[in-house]
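Here's a quick tour for anyone meeting this structure for the first time. Have a look at it, then read on.

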Amino acid sequence: MPRRHLTESLVPLRKCWTGTTGRTTMGKKGRIRESSTALAIQLAKKAHILRCPRSHGDSSKSVNMIGFARDSMQCPVCGNPDIRDYDRNCAGCDAHVGYPNVRTAERPEERAALELRLAEAQAAAATSGCSDTLSRFQAAVRGSKAVLCRSIQQVLELLSSDNVLWVSFYGQVDAGIRRPETTLIERERLIADDLLFPHYRKEIRFAALSLDGEGVRFYGKCSVVLSEARIQSRSTVFEKNSVDFCKEHNFVLSPGYRATWEEKDKLAAAKYYKNLRSNSENHEFSRILLRNESSAPDFIEVHIYGPIHRLAIDTIVIEGPLDSVDEVLLIEIERKASEIGVEVIRRQPVRGILR
């Protein structure tokens, strides 16, 4: 394939990726002038996302919204060639074909774009003398957990029975137990979720990556740390609060801002490398990965496909003072948690220390 086609095909990916860094410049002939161009082309070749232009009559490939050709998935059991982005099971034989959010994060264009962002982070860290810090940060994030926050009453309800499941916002609306609000944020949520999870938005539960067991307190006093074994096969990670991300990007999704659970450290490094210093200590990483400012918390969002059962809980962390009603409910939470071997931890809200 001519290099001209490679560089022209690479431009959409580079523009998406460099929207954060702003380091791409164009030469007189439209070529990318950047030290990592060769690496970008090499990664793109390996991912098979750069291809020669196809004729209009070729329908064997689908093209996604940023112009990359993508192979259609085939059912490994019956050979059905029409496995769609939202399918969890084959329409032909009902075989499990993978969780849709995970398959999306595994796409070659997603992984290649993430590798480009990671290469930029590593190059910047080397220039600033932070390579060791970045490596330590990635190692720490590989051990991070998915944490979601709920009210004490909601956590007690989940712990109360093996028959209780946490369902999504859309599941609650469909079941008639919740009314959506007529607010702008609710409408923005509909658009963002349809972009990220087309035709399967009601299957997704949201959490945040955490190093110290504390979640985003805006959503509740109880931080519920989820068992990695129970959620890793069905979970992916995303750059930040997905509604905020979509608004900031004019509701246009670019590749490289989501990752599989196994590659969560790469996304964290690509996002937070500018926050690291050569003398950053390991105990500082928790505050970098999740900042709990009340006005604008910042975190890496976890997308979990399917319901949450009490057996998926690893630990419950409660920070800060409680009123008399919550104190009574907490006693019951501790009793129910002990029945299934879940530890309940109370501590003062001191951030920045790995516990």
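## Two sides of helix α13

Let's start with the outward-facing part of α13: S324, V328, I331 and S338 are exposed there. On the other side, D326, L330, I333, K336 and A337 are buried. Looking down the axis of α13, those buried residues fall within an arc of 130°, so they line one face of the helix. And what do the buried residues of α13 pack against? Their partners are α6 (152–159), β9 (313–319) and β10 (343–347).

Keep in mind that this is a predicted model.

## Length and ends of α13

Helix α13 covers residues 324–339, 16 residues in total. At 1.5 Å a residue it should span 22 Å, and its end C-alpha atoms are 24 Å apart, which agrees.

At the N-terminal end, D323 acts as a cap: one of its side-chain oxygens sits 3.2 Å from the backbone nitrogen of V325. After the helix comes G341, which has a positive phi, near 75°.

## The nonpolar cores

Which members of the largest nonpolar core touch the most other members? They are F137, L289 and I316, in a core of 51 residues. There's also a second, separate core, made of 14 residues, with Y99, L196, V243 and L253 among them.

Take L289 as an example. Leaving out residues up to four places away in sequence, L289 touches a long list of partners, including F137, V141, L209, L211, A268, Y272, F299 and I300. Polar residues turn up among the partners of L289 as well: S144, S210 and D298.

## A buried serine in a loop

Now for S168, found in the loop between α6 and α7 (169–174). Is S168 buried or exposed? Its relative accessible area is 4%, so it counts as buried, the cut-off being under 20%.

The side chain of S168 reaches the backbone oxygen of K202 at 2.6 Å. Setting aside neighbours within four places in sequence, S168 is in contact with K202, I204 and R205.

## The whole chain

Stepping back, the protein chain has 13 helices and 10 strands. Of its 355 residues, 49% are buried. If you take the contacts with a separation of 6 or more, 73% are between residues 24 or more positions apart.

As for the outside, the accessible surface of the chain is about 17800 Å². Carbon and sulfur atoms account for 50% of that surface.

Methods: Residues numbered from 1 in each chain as written. Predicted model: local features only at pLDDT ≥ 70, side-chain atom pairs only at ≥ 80, totals over all residues. Heavy atoms only, no water. Helix = DSSP H or I, 4+ residues; strand = E, 2+ residues; numbered from the N terminus. Expected span 1.5 Å × (residues − 1). Buried < 20%, exposed > 50% of the residue type's maximum accessible area, 1.4 Å probe, protein only. Arc of directions from axis to C-beta. Contact = heavy atoms within 4.5 Å. Polar contact = N/O pair within 3.5 Å; in protein donor to acceptor, adjacent residues only side chain to side chain. Core = buried A, V, L, I, M, F, W, Y, C linked by side-chain atoms within 4.5 Å. Areas by Shrake-Rupley, 256 points an atom, 1.4 Å probe, with all protein chains shown as cover.
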